[in-house]
Amino acid sequence: MAETVIALRDIAVEYGGFTALQIPSFDIQSSEVLALIGPNGAGKSTLLRIAGLLQYPSAGKVYFRNEQVNRKNSMGFRRRVASVFQEPLLLNTSVYDNAALGLRLRGLDRAKIERLLRPWLDRPPRLASRSHTLRRRGAKNEFGARVRLRAGSAFVG
Ligand SMILES: Nc1ncnc2c1ncn2[C@@H]1O[C@H](COP(=O)(O)OP(=O)(O)OP(=O)(O)O)[C@@H](O)[C@H]1O
Ligand SMILES: [Mg+2]
(Lines give C-alpha, C1' and ligand atoms only; values in the text may rest on other atoms or scores of the structure.)
(Ligands and ions follow the chains in the order given, each with its own letter.)
Protein backbone atom coordinates (compact mmCIF):
# COMPACT_ATOMS: atom_id res chain seq x y z
CA MET A 1 0.00 0.00 0.00
CA ALA A 2 1.24 3.48 -0.83
CA GLU A 3 2.62 5.39 2.13
CA THR A 4 3.14 9.14 2.36
CA VAL A 5 6.88 9.74 2.46
CA ILE A 6 7.01 13.54 2.31
CA ALA A 7 4.16 15.82 3.35
CA LEU A 8 4.26 19.62 3.19
CA ARG A 9 1.65 21.75 4.95
CA ASP A 10 1.11 25.52 4.63
CA ILE A 11 4.62 26.09 3.32
CA ALA A 12 5.92 29.58 2.58
CA VAL A 13 9.42 30.44 1.41
CA GLU A 14 10.54 34.03 1.53
CA TYR A 15 13.71 35.53 0.20
CA GLY A 16 14.27 38.92 1.79
CA GLY A 17 10.56 39.74 2.07
CA PHE A 18 9.72 38.33 -1.38
CA THR A 19 7.45 35.28 -1.23
CA ALA A 20 8.91 32.80 -3.70
CA LEU A 21 6.68 29.88 -2.82
CA GLN A 22 3.33 29.20 -1.14
CA ILE A 23 2.14 25.58 -0.95
CA PRO A 24 -0.97 24.78 1.14
CA SER A 25 -0.52 21.01 0.83
CA PHE A 26 1.77 18.66 -1.09
CA ASP A 27 2.33 14.93 -0.57
CA ILE A 28 4.75 12.45 -2.14
CA GLN A 29 3.82 8.76 -1.88
CA SER A 30 6.25 5.84 -1.84
CA SER A 31 7.05 4.53 -5.36
CA GLU A 32 5.45 7.62 -6.86
CA VAL A 33 7.10 9.25 -9.87
CA LEU A 34 6.29 12.96 -10.10
CA ALA A 35 7.18 15.57 -12.68
CA LEU A 36 7.17 19.19 -11.56
CA ILE A 37 6.39 21.58 -14.38
CA GLY A 38 6.24 25.38 -14.34
CA PRO A 39 7.70 28.55 -15.84
CA ASN A 40 11.11 29.91 -14.91
CA GLY A 41 11.04 31.34 -11.41
CA ALA A 42 7.83 29.51 -10.46
CA GLY A 43 9.60 27.94 -7.48
CA LYS A 44 10.29 24.39 -8.73
CA SER A 45 13.86 24.24 -7.43
CA THR A 46 12.81 25.83 -4.15
CA LEU A 47 10.04 23.23 -3.73
CA LEU A 48 12.48 20.39 -4.51
CA ARG A 49 14.96 21.70 -1.92
CA ILE A 50 12.18 21.91 0.71
CA ALA A 51 10.85 18.42 -0.13
CA GLY A 52 14.42 17.07 -0.26
CA LEU A 53 15.01 18.46 3.28
CA LEU A 54 17.87 20.62 2.03
CA GLN A 55 16.24 23.93 2.93
CA TYR A 56 13.93 24.99 5.76
CA PRO A 57 10.77 26.89 4.78
CA SER A 58 10.11 30.33 6.27
CA ALA A 59 6.78 28.97 7.54
CA GLY A 60 4.87 25.70 7.51
CA LYS A 61 5.48 22.10 8.39
CA VAL A 62 7.47 19.35 6.68
CA TYR A 63 6.88 15.67 7.55
CA PHE A 64 9.00 12.65 6.67
CA ARG A 65 6.99 9.44 7.06
CA ASN A 66 4.58 11.21 9.45
CA GLU A 67 7.32 12.67 11.66
CA GLN A 68 7.76 16.42 11.65
CA VAL A 69 11.20 17.54 10.48
CA ASN A 70 12.79 20.44 12.34
CA ARG A 71 16.23 21.98 12.72
CA LYS A 72 17.11 19.68 15.60
CA ASN A 73 16.19 16.32 14.08
CA SER A 74 16.70 16.98 10.35
CA MET A 75 20.10 15.27 9.98
CA GLY A 76 18.73 11.76 10.51
CA PHE A 77 15.96 12.36 7.96
CA ARG A 78 18.35 13.93 5.44
CA ARG A 79 20.42 10.77 5.39
CA ARG A 80 17.36 8.94 4.09
CA VAL A 81 16.77 11.27 1.13
CA ALA A 82 18.94 11.40 -2.00
CA SER A 83 18.99 14.31 -4.45
CA VAL A 84 20.32 14.35 -7.99
CA PHE A 85 21.02 17.88 -9.16
CA GLN A 86 20.87 19.36 -12.64
CA GLU A 87 24.65 19.77 -12.59
CA PRO A 88 25.89 16.56 -10.98
CA LEU A 89 29.06 17.01 -8.99
CA LEU A 90 31.71 14.36 -9.40
CA LEU A 91 35.18 13.96 -7.95
CA ASN A 92 38.13 13.37 -10.25
CA THR A 93 38.35 9.72 -9.36
CA SER A 94 36.97 6.41 -10.63
CA VAL A 95 33.32 5.64 -11.32
CA TYR A 96 33.31 3.24 -8.39
CA ASP A 97 34.75 5.74 -5.92
CA ASN A 98 32.30 8.41 -7.05
CA ALA A 99 29.39 6.02 -6.63
CA ALA A 100 30.69 5.04 -3.18
CA LEU A 101 31.12 8.62 -1.99
CA GLY A 102 27.71 9.07 -0.34
CA LEU A 103 28.05 5.78 1.52
CA ARG A 104 31.59 6.63 2.63
CA LEU A 105 30.43 10.00 3.94
CA ARG A 106 27.84 8.13 5.97
CA GLY A 107 30.67 6.16 7.57
CA LEU A 108 30.01 2.73 6.04
CA ASP A 109 32.97 0.35 5.80
CA ARG A 110 34.38 -0.99 2.52
CA ALA A 111 32.69 -4.39 2.71
CA LYS A 112 29.26 -2.90 3.38
CA ILE A 113 29.73 -0.35 0.57
CA GLU A 114 30.70 -3.13 -1.83
CA ARG A 115 27.64 -5.16 -0.84
CA LEU A 116 25.26 -2.21 -1.37
CA LEU A 117 26.89 -0.96 -4.55
CA ARG A 118 27.46 -4.20 -6.43
CA PRO A 119 23.82 -4.94 -7.39
CA TRP A 120 23.42 -1.42 -8.83
CA LEU A 121 26.47 -1.40 -11.03
CA ASP A 122 24.75 -2.83 -14.09
CA ARG A 123 21.11 -2.28 -13.16
CA PRO A 124 19.42 0.74 -14.85
CA PRO A 125 20.37 3.59 -14.84
CA ARG A 126 23.70 1.71 -14.63
CA LEU A 127 26.65 3.21 -12.80
CA ALA A 128 29.07 1.55 -15.18
CA SER A 129 28.80 0.77 -18.88
CA ARG A 130 31.07 -0.66 -21.54
CA SER A 131 32.78 2.69 -22.05
CA HIS A 132 32.76 3.65 -18.36
CA THR A 133 34.27 0.77 -16.53
CA LEU A 134 34.47 0.96 -12.79
CA ARG A 135 38.11 1.87 -12.40
CA ARG A 136 38.13 4.37 -15.22
CA ARG A 137 38.58 8.01 -14.43
CA GLY A 138 37.27 10.86 -16.56
CA ALA A 139 33.53 10.19 -16.34
CA LYS A 140 33.35 13.60 -14.74
CA ASN A 141 34.02 15.18 -18.13
CA GLU A 142 31.08 13.52 -19.84
CA PHE A 143 27.69 14.94 -19.06
CA GLY A 144 25.58 11.83 -19.78
CA ALA A 145 27.91 9.65 -17.75
CA ARG A 146 27.81 12.10 -14.84
CA VAL A 147 24.02 12.19 -14.78
CA ARG A 148 23.77 8.40 -14.95
CA LEU A 149 26.33 7.93 -12.24
CA ARG A 150 24.73 10.39 -9.86
CA ALA A 151 21.21 9.10 -10.59
CA GLY A 152 22.41 5.53 -10.04
CA SER A 153 24.16 6.45 -6.81
CA ALA A 154 20.95 7.96 -5.47
CA PHE A 155 19.27 4.53 -5.52
CA VAL A 156 22.04 2.81 -3.58
CA GLY A 157 21.59 2.30 0.14
N1 LIG B 1 18.59 32.46 -2.93
C2 LIG B 1 17.63 33.25 -3.43
N3 LIG B 1 17.55 34.55 -3.08
C4 LIG B 1 16.58 35.35 -3.57
N5 LIG B 1 15.64 34.94 -4.43
C6 LIG B 1 15.67 33.66 -4.82
C7 LIG B 1 16.67 32.75 -4.36
N8 LIG B 1 16.44 31.54 -4.92
C9 LIG B 1 15.35 31.69 -5.70
N10 LIG B 1 14.89 32.97 -5.65
C11 LIG B 1 13.70 33.48 -6.34
O12 LIG B 1 12.60 32.65 -5.97
C13 LIG B 1 11.77 32.40 -7.09
C14 LIG B 1 11.70 30.88 -7.32
O15 LIG B 1 12.99 30.42 -7.76
P16 LIG B 1 13.27 28.92 -8.16
O17 LIG B 1 14.72 28.84 -8.46
O18 LIG B 1 12.73 28.01 -7.12
O19 LIG B 1 12.40 28.77 -9.48
P20 LIG B 1 12.40 27.64 -10.61
O21 LIG B 1 10.95 27.31 -10.89
O22 LIG B 1 13.27 26.51 -10.19
O23 LIG B 1 13.03 28.40 -11.85
P24 LIG B 1 13.85 27.79 -13.14
O25 LIG B 1 12.80 27.24 -14.07
O26 LIG B 1 14.51 29.00 -13.71
O27 LIG B 1 14.82 26.76 -12.64
C28 LIG B 1 12.38 33.18 -8.26
O29 LIG B 1 11.71 34.40 -8.34
C30 LIG B 1 13.81 33.36 -7.85
O31 LIG B 1 14.36 34.53 -8.42
MG1 LIG C 1 15.03 25.64 -11.06
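## Who sits around the ligand

By class, the shell around ligand 1 has 5 nonpolar, 5 polar and 1 charged residues. Keep in mind that this is a predicted model. The names to look for in the structure are Tyr-15, Phe-18, Ala-20, Pro-39, Asn-40, Gly-41, Ala-42, Gly-43, Lys-44, Ser-45 and Thr-46.

Which helix and which strand each supply at least two residues of that shell? They are helix H1, running 44-51, and strand E2, running 18-29. H1 gives the largest share, with 3 residues.

## Polar contacts with ligand 1

Now zoom in on the oxygen atoms of ligand 1. One of them is 2.5 Å from an N or O atom in the side chain of Thr-46. The backbone joins in too: a polar backbone atom of Gly-43 is 2.9 Å from a ligand oxygen, and for Gly-41 a backbone N or O atom lies 2.8 Å from an oxygen of the ligand.

How much of ligand 1 does the protein cover? On its own, the ligand has 640 Å² of accessible area, and the protein covers 58% of that.

## Two rings that pair up

Next, look for aromatic rings: the structure holds 1 aromatic pair. Its partners are Phe-64 and Phe-77, with ring centres 5.6 Å apart. The planes make an angle of 45 degrees, and the pair counts as tilted because that falls between the cut-offs of 30 degrees for stacked and 60 for edge-to-face.

Along the chain, the two are 13 residues apart, so to find them, check strand E3 (residues 59-64) for Phe-64 and helix H2 (residues 74-78) for Phe-77. Are these two buried or exposed? Both Phe-64 and Phe-77 are buried.

Key:
Residues are numbered from 1 along each chain as its sequence is written. Chains are lettered from A and ligands numbered from 1 in the order in which they are written. This is a predicted model: local features need pLDDT of at least 70, side-chain atom pairs count only at pLDDT 80 or more; totals for chains, interfaces and linings use all residues. Side-chain values use heavy atoms; hydrogens and water are left out. A residue is near a molecule or strand if one of its heavy atoms lies within 4 Å of it. A polar contact is a pair of N or O atoms within 3.5 Å; within protein, one must be able to donate a hydrogen and the other to accept it, and residues adjacent in sequence count only if both atoms are side-chain atoms. Accessible areas come from the Shrake-Rupley method with a 1.4 Å probe; for residues, only the protein chains shown count as cover. Helices (H or I, at least four residues) and strands (E, at least two) are DSSP runs, numbered from the N terminus. Ala, Val, Leu, Ile, Met, Phe, Trp, Tyr, Cys and Pro count as nonpolar, Asp, Glu, Lys and Arg as charged, and the others, Gly among them, as polar. Rings of Phe, Tyr and Trp (its six-membered ring) pair if their centres lie within 6.5 Å; planes under 30 degrees apart count as stacked, over 60 as edge-to-face and the rest as tilted. Buried means under 20% relative accessible area, exposed over 50%, partly exposed in between (1.4 Å probe, protein chains only).
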